[in-house]
Amino acid sequence: SSTPCSVIIVGAGISGISAAKVLAENGVKDLVILEASDRIGGRIRKEDFGGVSVELGAGWIAGVGGKKPNPVWELANKVGLRTYFSDYSNARYNIYDQSGKIIPSGLAAASYNKAVDSAIQKLRMQEAKLRGLSTITEPPLTPKTPIELAIDFILHDFEMAEVEPISTYTDFGEREFLVADERGYEFLLYKMAENFLFTSDGKIVDSRLKLNKVVRELHYSRNGVTVTTEDGSVFEATYVILSVSVGVLQSDLISFRPPLPKWKTEAIMKCDVIVYTKIFLKFPCKFWPCGPGTEFFIYAHERRGYYTFWQHMENAYPGSNILVVTLTNGESKRVEAQTDEETLKEAMGVLRDMFGPDIPDATQILVPRWWNNRFQRGSYSNYPILATHQDFADIKAPVVPIFFTGEHTNERFNGYVHGGYLSGIDTGNALLKEMKNEKGSEKESQPFL
Ligand code: FAD
């Protein structure tokens, strides 16, 4: 067991790093960051693929151009991250059917508007039911045809903002920028870490950051916490900040002694986890349209979410000949469980439906597995539409000496990079306050000793 420190931070994603930065800037320098994987960044992660950097996790800086500045957009500009404006809303005008025909834009727009109306109606009905009001309106139509299913998928799995207001867009603006930087989105985290950890040649060389340390047990009392990792190391501290995803909290990776209180575990179990998978395919040449308004396109199939949402990377990296297809939830889990060769075969079948039998096979495929990654267990949190303030308060509340942080603890911006970033700042400040109170009460209690 090493010498006790003030704070252990579990997880070196953006929330863990931003919490550590707040502590370090306020004089708490004897901290240790334990990260299970061999890198910082967590769900912000680039990989070299087909000669460029691709983002397996977060890709967009969402919420730009509004009343308030998005703090992640400000950070990105400060460090000179390369981004470009990217608008997926016109994907609905590039819907291919199984015979490779593009659905006429009038029909696509009409189907889209119908789907939005029906989604809004469904939401109203849910709200009314929850308040005990009876509904007399007709139940909304369920999507059946391939076009209806494709539109339902893009509406609910991408453009939720059309149905209910999302704080990210109402606060920070409706624009979204994609990161296309060889150093990766994760460059933001390195620049943040540089403020309080020792670095050399663009690498963190600070012994307070410990990689490949998988936390398995947290033994705690009011006096402090003992953390045991998979390799048998033991770390002691007065406080711990836990920044692991809600999917990890729902799994049995970390055991708590004593167990967490019931209100906490209930709040953790209530939160849904979305799986979102970007599959990258590299081709010897391009065979897809590349003009304005073509970056995103849709495939309409009778199975909902079957290789529906496509993007070409010509805007990000011209000449890279890379396509990305996004799967979610059930389809993500299905594909994670099969071999990449099977996935490649399915994807090529879909592309040949859209672009004809003569297109070349992809030469490389990359299939991230966020669901089966035991340090993630999904891509991001998703609260039921009618989640209460109390649900958020409970998931965020400390069980002293354990403090919780991460995108899932941010009521306004959960599911986003800026949600993770802001949650780390919140938790860092909450812990500083607790430390000050403790010091204060120690002094006050002196006369009674
Ligand atoms: P994480 O980044 O998950 O950090 C937690 C860290 O804890 C990880 O590094 C993990 O390895 C570590 N850990 C886990 N268990 C242990 C353990 N037992 N011991 C030690 N360490 C452990 N957001 C956007 O804003 N825009 C997007 O376009 C976007 N797209 C996304 C696409 C995908 C595919 C995914 C997966 C996410 C996307 N997000 C997007 C969400 C965004 O990436 C997250 O909200 C944010 O990065 C979460 O940060 P975090 O610090 O809360 O968690």
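# A tour from the two domains to the ligand and beyond

Start with the broad view: the centres of domain 1 and domain 2, taken over C-alpha atoms, are separated by 31 Å. Keep in mind as you click around that this is a predicted model.

**Stop 1: colour the domains.** Give domain 1 one colour by selecting 5-44, 186-271 and 377-442. Then pick 46-183 and 276-366 for domain 2. Where the two touch, domain 1 puts in 16 residues and domain 2 puts in 21 residues. Stay on the domain 1 side for a moment. Two elements each give two or more residues to that side, namely α6 (187-193) and α12. Which of the elements gives the largest share? That is α12, with 4 residues. Sorted by class, the domain 1 side of the contact holds 10 nonpolar, 2 polar and 4 charged residues.

**Stop 2: select the ligand and its shell.** There are 41 residues around the ligand, and the ones that come nearest are G11, G13, S15, G42 and G420. Show those five as sticks, then bring up the elements that give two or more residues to the shell: α1 (14-25), β5, β17 (276-282) and α12 (417-445). You have already met α12 at the domain contact. What is the make-up of the shell by class? Expect 21 nonpolar, 16 polar and 4 charged residues. Now switch your domain colours back on. Why does the ligand lie between the domains? Domain 1 and domain 2 both give residues to the shell, so the ligand sits between them.

**Stop 3: follow β5 into its sheet.** From the shell, pick β5 (60-64), which is an edge strand and pairs on one side only. The sheet is open, has 3 strands in the order β5-β8-β6, and pairs antiparallel. At the other edge is β6 (83-85). Averaged over the sheet, and with direction ignored, neighbouring strands are turned by 30 degrees against each other. Zoom in on β6 and β8 (residues 175-179): the two run antiparallel and are joined by 3 bridges. For a landmark, select T83, which stands opposite V179 in β8.

**Stop 4: follow β17 into the other sheet.** Another strand from the ligand shell, β17 (276-282), belongs to an open sheet of 6 strands. Trace the order β7-β18-β19-β20-β17-β21, and note that the pairing is mixed. The edges are β7 (95-96) and β21 (364-366), each pairing on one side only. Between β17 and β21 the pairing is antiparallel, over 3 bridges. Select K282 and you will find Q364 in β21 opposite.

**Stop 5: a hairpin at 46-55.** Select β3 (residues 46-49) and β4 (residues 52-55), an antiparallel pair joined by 4 bridges. D48 stands opposite S53 in β4. How many residues sit between the strands of this hairpin? There are 2 residues there, and in the hairpin G50 takes a positive phi near 55 degrees.

**Stop 6: two helices that cross.** Hide the sheets and show α8 (residues 262-270) with α11 (residues 389-396). When you look at such a pair, the angle between the axes and the distance between them are what describe the packing. Here the axes come within 8 Å and cross at roughly 115 degrees, and α8 passes α11 in a left-handed crossing. To see the contact itself, select W263, K264, A267, I268 and K270 in α8 together with D391, D394 and I395 in α11. By class, this contact has 4 nonpolar and 4 charged residues, with no polar ones.

**Stop 7: backbone oddities in the loops.** Stay by α8 and step back to P258, in the loop between β15 (255-257) and that helix. The peptide bond from R257 to P258 is cis, with omega near -10 degrees. Next, go to P401, found in the loop between α11 and β23 (402-404). What kind of peptide bond joins V400 and P401? A cis one, with omega about 10 degrees. Finish at D201, in the loop between β9 (199-200) and β10 (203-204). D201 is not a glycine, yet has a positive phi of about 55 degrees.

How values were computed:
Residues numbered from 1 in each chain as written. Predicted model: local features only at pLDDT ≥ 70, side-chain atom pairs only at ≥ 80, totals over all residues. Pairing = 2+ DSSP bridges. Axes fitted to C-alpha atoms, helices over the stretch in contact; angles between N-to-C directions. Near = placed C-beta within 6 Å. Nonpolar A, V, L, I, M, F, W, Y, C, P; charged D, E, K, R; others polar. Domains from an automatic or database assignment. Left-handed = near helix turned anticlockwise from the far one by under 90°. Contact = placed C-beta atoms within 7 Å.
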